[in-house]
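Ready to get to know a new fold by working through it? Grab a pencil, keep the viewer open, and try each task before you read its solution.

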Amino acid sequence: GLQQPPPCWAVLCQDRVAVVLLAVGPELFLLDSTSCSVLSIPDPSLLLQEKFCEFNTGIRTPPKQMVWCTRPRSRQRAVVLAWERQLMVVGNSSECIRYPLGSGNAPRAAATSSGTHTAPPEGPLDALCISQPFPIPIFLQKQSQKADEYLREIREQQLLPEAVGQCIEAAGYEHEPDTQKSLLRAASFGKCFLDKFPPEGFVRMCQDLRVLNAIRDYQIGIPLTFTQYKQLTIEVLLDRLVLRRLYPLAIRICEFLRLPEIQGVSRILAHWACSKVQQKDKSDEEVAQAINQKLGDTAGISYSDIATLAYDCGRAELAIKLLEYEPRSGEQVPLLLKMKRSKLALGKAIESGDTDLVYTVVLHLKNELNRGTFFMTLQNQPVALSLYRQ
């Protein structure tokens, strides 16, 4: 009989049963899947005997929302308070943490008895909160005595595909691997009773969660939410890992997701090679050998691009050594000409057997050198001289 949205409500889960605690004016209701009962609220003075903490916010207006907040496996609790343009985290101390909110809308959240909290993934509480909007709770486990009863009820209502899909989706918004596994196991169990459930979403979620759990590790320290990860794209995430020089993890992610060479491993190795070029503590020979030993003949790697970076960094000799590993003469010659190593460029062009490339270098030499030096240079290169005469 609600005429408007309730001012406060929370979803509580206990023994795999979900109930809703709903406040309407001065009354409190408890709802489950079949009934709605009014709860009698005792005198607060009889309940609130122990004070958690007392803190002066310095703000005269009451907050729009108050939410319990706690870290996983931690007994230390805090309260998040939200106003129109400010978020405040208050714990059992004399200090607090304040976050200004750019949006004029207050974050909408709901506190639960377990100390967790939910909010829309697009909202300003995204870094702290997760969204689990499933109307059908299906925490199915093979060991559960009620699994058959739940399953039969859901199948009769033809809601099993939706329930399985929601379990898969919910796993993405969980940060705890144990909870992720529980939801995915429930989805896997439910899939067994469906004839044609597409497996792609389940497989993709498992892959995404493995990547997210890897980068959320405290040694990596990139605690992305599922929504942020999807908006960021895997390419941008790999770039961030590369900028932090986390090359092994980036390569493992590429191999795990089976990304194309040019999009994945080769791109990361190229970034790594560029960082090696900028190391000033090693000789040109050492750097060139280290890069070649690591890159080898990896598809999609351009030694000429790395050599160009070396030249731009003032390491011309390193650039020449790197060009020795470039198999495409057409990529070697332009940089050698740019470096004013014309005679070396002419030799590389002749070795390639590409007459167009030789003509390019010869014409460049003709414009660069005086007439006498030009013909003396060609005199030592019979192939080039013959082509010039033609």
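Below are six exercises, each with a worked solution.

Some ground rules come before we start. This is a predicted model, in which local features need pLDDT of at least 70 and side-chain atom pairs count only at pLDDT 80 or more, while totals for chains, interfaces and linings use all residues. Residues are numbered from 1 along each chain as its sequence is written, and side-chain values use heavy atoms, with hydrogens and water left out.

**Exercise 1. Get an overview**

Work out how many helices and strands the protein chain has, and what share of its residues count as buried.

Solution. Start with the secondary structure: the protein chain has 17 helices and ten strands. Helices (H or I, at least four residues) and strands (E, at least two) are DSSP runs, numbered from the N terminus. Next, look at burial: 37% of the 390 residues count as buried. Here buried means under 20% relative accessible area, exposed means over 50%, and partly exposed is in between, with a 1.4 Å probe and protein chains only. Then check the contacts, meaning heavy atoms within 4.5 Å. Of those in the protein chain between residues at least 6 apart in sequence, 43% join residues at least 24 apart.

**Exercise 2. Find the cores**

Find the largest nonpolar core and say which helix gives the most to it.

Solution. First, the term: a nonpolar core is a set of buried Ala, Val, Leu, Ile, Met, Phe, Trp, Tyr and Cys residues joined through side-chain atoms within 4.5 Å. The largest one has 37 residues, and I215, L224, I234, L237, L238, L241 and I253 have the most contacts inside it. Now see where the core comes from: α2 (147-156), α3 (160-172), α4 (177-191), α5 (200-216), α6 (226-232), α7 (234-243) and α8 (247-257) each supply at least two of its residues. Helix α3 gives the most, with seven residues. Zoom in on I234: not counting residues up to four places away in sequence, it touches Y229, I253, L257 and L259. Finally, there's a second, separate core of 31 residues, including Y303, I320, L336 and L378.

**Exercise 3. Pair up the rings**

Locate the aromatic pairs and decide how each is arranged: stacked, tilted or edge-to-face.

Solution. A pair of aromatic rings is described by the distance of the centres and the angle of the planes. Rings of Phe, Tyr and Trp (its six-membered ring) pair if their centres lie within 6.5 Å; planes under 30 degrees apart count as stacked, over 60 as edge-to-face and the rest as tilted. The structure holds two such pairs.

- Y173 and F226: the centres are 5.7 Å apart and the planes are at 75°, so this pair is edge-to-face. Y173 is in the loop between α3 and α4 and F226 is in helix α6, so the pair links parts of the chain 53 residues apart. Y173 is buried at 16% relative accessible area, and F226 is buried at 12%.
- F189 and F193: with 5.4 Å centre to centre and 80° between the planes, this pair is edge-to-face. F189 counts as buried at 14%, whereas F193 is partly exposed at 32%.

**Exercise 4. Spot charges over rings**

Which ring does R77 sit over, and which does K191 lie over?

Solution. The test is that NZ of Lys or CZ of Arg is within 6 Å of the ring centre and within 35 degrees of the ring normal. The charged end of R77 sits over the ring of W68, 5.1 Å from its centre. K191 lies over the face of F202, at 4.9 Å from the ring centre.

**Exercise 5. Explore around T57**

Is T57 buried or exposed, and what does it contact?

Solution. Begin with its place: T57 is in the loop between α1 (44-47) and β5 (65-70). T57 has a relative accessible area of 17%, so it is buried. A polar atom of its side chain lies 3.2 Å from the backbone nitrogen of I59. Leaving aside neighbours within four places in sequence, T57 is in contact with W83, M88 and R98.

**Exercise 6. Check a backbone angle**

What is the phi of T233, and where is this residue found?

Solution. Most residues other than glycine have a negative phi. T233 has a positive phi of about 75° although it is not a glycine. T233 is found in the loop between α6 and α7, and at 32% relative accessibility it counts as partly exposed.

Note on methods: A polar contact is a pair of N or O atoms within 3.5 Å; within protein, one must be able to donate a hydrogen and the other to accept it, and residues adjacent in sequence count only if both atoms are side-chain atoms.
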